[in-house]
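Hi,

Here is the model I promised to pass on. Have a look at it first, and my notes follow below.

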Amino acid sequence: MRKIMTRFAILILSVFTVSAGATAATIPLMMKSFPNISSTTIELLMTIPSLGIIVFTPISNWVADLISVKKTIMTGLILIFIGGVVPAVTLNFPLIFASRIILGLGTGLLMSFSQSLIIQLYQGREQQKMLGLSSVFQGLGMFFMTYMAGVLLNSGWQMSYWVYLIVIPIILLVGIYVPKTVGKVEETGAVSDSKKIDGKIWLLALFAFLFNATFAFISIKFAMLVVSRNYGTAADASTLLGLMAFAMAAGGFVFMYVQKHYFKFTTAIGLGFATISFLILTISRSLMFSGLGVILVGISVSIFMASMVANINKMTSQSQVAFSTSIVMTCANVGTLISPYFAQIIAKAFGNQEAGFTFEAGLVIFAILLVISTLVGLNYSKFENKDNRKDTNIKMQN
């Protein structure tokens, strides 16, 4: 029973890596409550946590060296709770703004460990299953928190922020069931290299950056695409985007199968889903067809991001897993943050501001990454860390 609860405690952490957007629906009502604050500044409340995530994700490993991994995770959860509920109890806008930054700082402290602990604590098929379930938890958890925030919204926008009360039982769960020594690397000569980054990890970080910067086109341009092509409304687009949470959960199960049978090409398969998705969105003229595209991109996110973590395990030493994971996750978040500017640069470079063209550009980017990742898959043994090759062969035989 304790082992099951420990697994659950680790898996549930993935939910809070995406919790910042759970209260996005409060923005219109907040604009009415703060008429003297610009709409852009209020909208920034949903994206400003990314800055905290970007700064604190790599720092989390040094914090863990000082106070332990478990205490770092619990500190992160406490900050998420504080940053999450402050808007529910005050109408002081500067304080609300600061609370969103605190939410990001807390998320950054636990983000890399939500994945690296799976790599460090589990091996073989069990590890693949846990990585897949992490995506399932993330997708379903995101849907649950967004849904509950929407239900609470009926009683006023401040009520929505009480959704972060869910963090309290998770703090207790982690405190009771996650071992004090979790994430601790045994004292070996490799420990001194734990903060060094292998060149192959920078390649993964670049892939994660480009993937997220391109994937986020779906968030900033999809509604415009649907409306500009006259086959739906902004509300229709919002409903379809809601399907992504379930698609991400489904992607976790797809990852388990793909990683088991085609682990060398897992990243390529994730990018294949993304490429097909953007092809569909590029040519779509109906809500049903676009819905299929949204579902496929949700699946691709789960497969791709889980494959990044799995690749880190293959391409670097165990002592470097945690820090390498934080670097890749940080670059992924930077990609998400700059996505609107990325899309704007592409539009200006080619003199085309249409939403459809943005997805065409994304299609080309995904296709290029697909070709590169396929070539990497064909030569995967050259990218593996030498200490992990024997382990890979054993898993293949199983």
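To start with a small puzzle: is Glu126 buried, partly exposed or exposed? Glu126 is partly exposed, with a relative accessible area of 31%. For the terms, buried means under 20% relative accessible area, exposed over 50%, and partly exposed in between, with a 1.4 Å probe and protein chains only.

Before the rest, some bookkeeping. This is a predicted model, in which local features need pLDDT of at least 70 and side-chain atom pairs count only at pLDDT 80 or more, while totals for chains, interfaces and linings use all residues. Residues are numbered from 1 along each chain as its sequence is written, and side-chain values use heavy atoms, with hydrogens and water left out.

Back to Glu126. The structure holds one salt bridge, where that term stands for a side-chain nitrogen of Lys or Arg within 4 Å of a carboxyl oxygen of Asp or Glu. The partners are the side chains of Glu126 and Arg7, at 2.1 Å from N to O. This pair links distant parts of the chain, 119 residues apart: Glu126 belongs to helix α7 (residues 124-153) and Arg7 to helix α1 (residues 2-12). Helices here are DSSP runs (H or I, at least four residues), numbered from the N terminus. Arg7 also counts as partly exposed, at 31% relative accessibility.

Next, helix α6. Its 29 residues (93-121) should span 42 Å at 1.5 Å a residue, and the end C-alpha atoms are indeed 42 Å apart; the expected span is 1.5 Å times one less than the number of residues. There is still a kink of about 30° in α6, centred on Gln115, where the bend is the angle between axes fitted to the seven residues ending at a residue and the seven starting there. Since 22 of the 29 residues of α6 are buried, this helix is largely enclosed by the rest of the structure. At the start of α6, a side-chain oxygen of Asn92 comes within 3.1 Å of the backbone nitrogen of Leu95.

Now the interior. The largest nonpolar core (buried Ala, Val, Leu, Ile, Met, Phe, Trp, Tyr and Cys residues joined through side-chain atoms within 4.5 Å) has 110 residues, and Phe16, Ile73, Leu77, Tyr164, Ile218 and Phe222 touch the most other members. Helix α14 (residues 287-315) gives the most to this core, with 13 residues. Leaving aside neighbours within four places in sequence, Ile73 is in contact (heavy atoms within 4.5 Å) with Leu13, Leu110, Phe113, Leu117 and Val174.

Ser302 lies in helix α14 and counts as buried at 2% relative accessibility. With the same neighbours left out, Ser302 is in contact with Ser135, Met248, Ala249, Gly251 and Gly252.

Phe357, in helix α16 (residues 355-378), is buried too, with a relative accessible area of 15%. Beyond four places in sequence, Phe357 touches Ile346, Phe350 and Asn352.

Finally, two backbone angles to look at. Ser68 has a positive phi of about 95° although it is not a glycine; Ser68 sits in the loop between α4 (49-67) and α5 (69-89) and is partly exposed at 24%. Asn230, also not a glycine, has a positive phi near 60°. Asn230 lies in the loop between α11 (217-228) and α12 (234-262) and counts as exposed, at 69% relative accessibility.

Cheers

How values were computed. A polar contact is a pair of N or O atoms within 3.5 Å; within protein, one must be able to donate a hydrogen and the other to accept it, and residues adjacent in sequence count only if both atoms are side-chain atoms.
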